[in-house]
Amino acid sequence: ILALTCSSDYSVHLLCLSEGDYYGQASVRKEEIRNSAGILGIPNNHVSLVTDKNLPDSPEVEWAWNSVQSHVLNAIKENGITTVVTFDEYGVSGHANHISTSLALQELHHRGKLQEAGVQELYLLESVGFLRKYTGWLSHYCEWNEPSTQKSRPCAVSSFDQYLKSREAMAQHRSQYLWFRRLYFLFSRYLFVNTFQRLAHNQ
């Protein structure tokens with residue numbers, strides 16, 4: 001995200017499909033995500049937060065695909081989006097909302113609906129196992145020493161400055177910044193290296 005927002009060649013938009021009201025903190029969480037997006041270089045008018053009773057914030061609730069698809073397609077058409085990045089089918093942490101989002105978008109892609117809306121590429125953030133998830137900065141080494149068949153995946157690697165900026169952005173989520181999440185930010189692979197599955201227009 002930081003690499004994209006630093007370039008005038010890209011216009012980055014953030015779509016959040018829930019208000020984060022699982023603990024009854026929707027108003028706080030909405031402000032936090034806007035502050036976090038600002039740190040990452042995403043302007044406030046490029047951040048869209050959805051209020052939809054069919055999309056409750058819960059790690060255990062599977063969202064209806066048609067609700068997800070409707071909001072995503074509307075955002076794509078309104079903003080002229082050509083590339084979409086979302087979770088893979090494991091949702092990084094197994095979060096039901098994340099998984100539903102991924103499956104709904106993949107279904108749109110396979111039906112050709114994303115392409116009809118102008119999307120050329122869909123990227124799915126790769127979920128990794130427990131040990132790889134907490135390799136921290138060692139994840140750089142792990143990536144470069146994977147089998148060559150795996151190295152063809154798109155890969156985003158953070159510089160040290162980008163890592164610090166990412167931590168600053170995550171720290172804006174103060175209502176969620178509990179002690180175990182502080183440890184996560186220290187050791188999580190996702191702050192250092194992210195790999196993606198790319199689904200192109202004709203896939």
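R189 and E126 form a salt bridge in this predicted model, with their closest N and O atoms 4.0 Å apart. The pair links distant parts of the chain, 63 residues apart: R189 sits in the loop between α10 (179-187) and β6 (193-200), and E126 in the loop between β4 and α7. Through shared salt-bridge partners, E126, R153 and R189 join into one network.

The other link in that network is the salt bridge between the side chains of R153 and E126, at 2.8 Å from N to O. Because R153 lies in the loop between α8 (139-144) and β5 (155-157) while E126 lies between β4 (121-125) and α7 (130-133), this pair ties together parts that are 27 residues apart in sequence.

How buried are the members of the network? R153 is buried, and so is E126. With a relative accessible area of 1%, R189 counts as buried, and E126 does too at 18%, since the cut-off is under 20%.

The structure holds 8 salt bridges; here are three of them, with their N to O distances.

| Pair | N to O distance |
|---|---|
| R189 and E126 | 4.0 Å |
| R153 and E126 | 2.8 Å |
| E32 and R29 | 3.9 Å |

The last pair takes us to helix α2, where E32 and R29 both lie, 3 residues apart, about one turn of the helix. E32 has 6% relative accessibility and therefore counts as buried.

Helix α2 itself (residues 26-39) has 14 residues, which should span 20 Å at 1.5 Å a residue; its end C-alpha atoms are 20 Å apart, so the two agree. Its buried residues are A26, E32, I33, S36 and A37. Seen down the helix axis, these fall within an arc of 130°, so they line one face of α2. Among the elements covering them are β1 (14-16), β2 and α9 (160-171). On the face turned away from the buried side, α2 carries the exposed residues S27 and E31. After the helix comes G41, with a positive phi near 95°.

R29 also turns up beside another acidic residue, D57, in the loop between β2 (47-49) and α3 (65-79). What does a buried D57 have around it, with no salt bridge? R29 is the nearest side chain of opposite charge, 4.3 Å away, while the cut-off for a salt bridge is 4 Å. Polar atoms of the D57 side chain do lie 3.3 Å from the backbone nitrogen of D21 and 3.0 Å from that of Y22. Beyond its sequence neighbours, D57 touches residues including S18, G20, H95 and N97.

Key. Residues are numbered from 1 along each chain as its sequence is written. This is a predicted model: local features need pLDDT of at least 70, side-chain atom pairs count only at pLDDT 80 or more; totals for chains, interfaces and linings use all residues. Side-chain values use heavy atoms; hydrogens and water are left out. Helices (H or I, at least four residues) and strands (E, at least two) are DSSP runs, numbered from the N terminus. Buried means under 20% relative accessible area, exposed over 50%, partly exposed in between (1.4 Å probe, protein chains only). Lys and Arg count as positive and Asp and Glu as negative; His and the chain ends are not counted. A polar contact is a pair of N or O atoms within 3.5 Å; within protein, one must be able to donate a hydrogen and the other to accept it, and residues adjacent in sequence count only if both atoms are side-chain atoms. Contact means heavy atoms within 4.5 Å. The expected span of a helix is 1.5 Å times one less than its number of residues. The arc is that of the directions from the helix axis to the C-beta atoms. Lists of a residue's contacts leave out its neighbours within four places in sequence.
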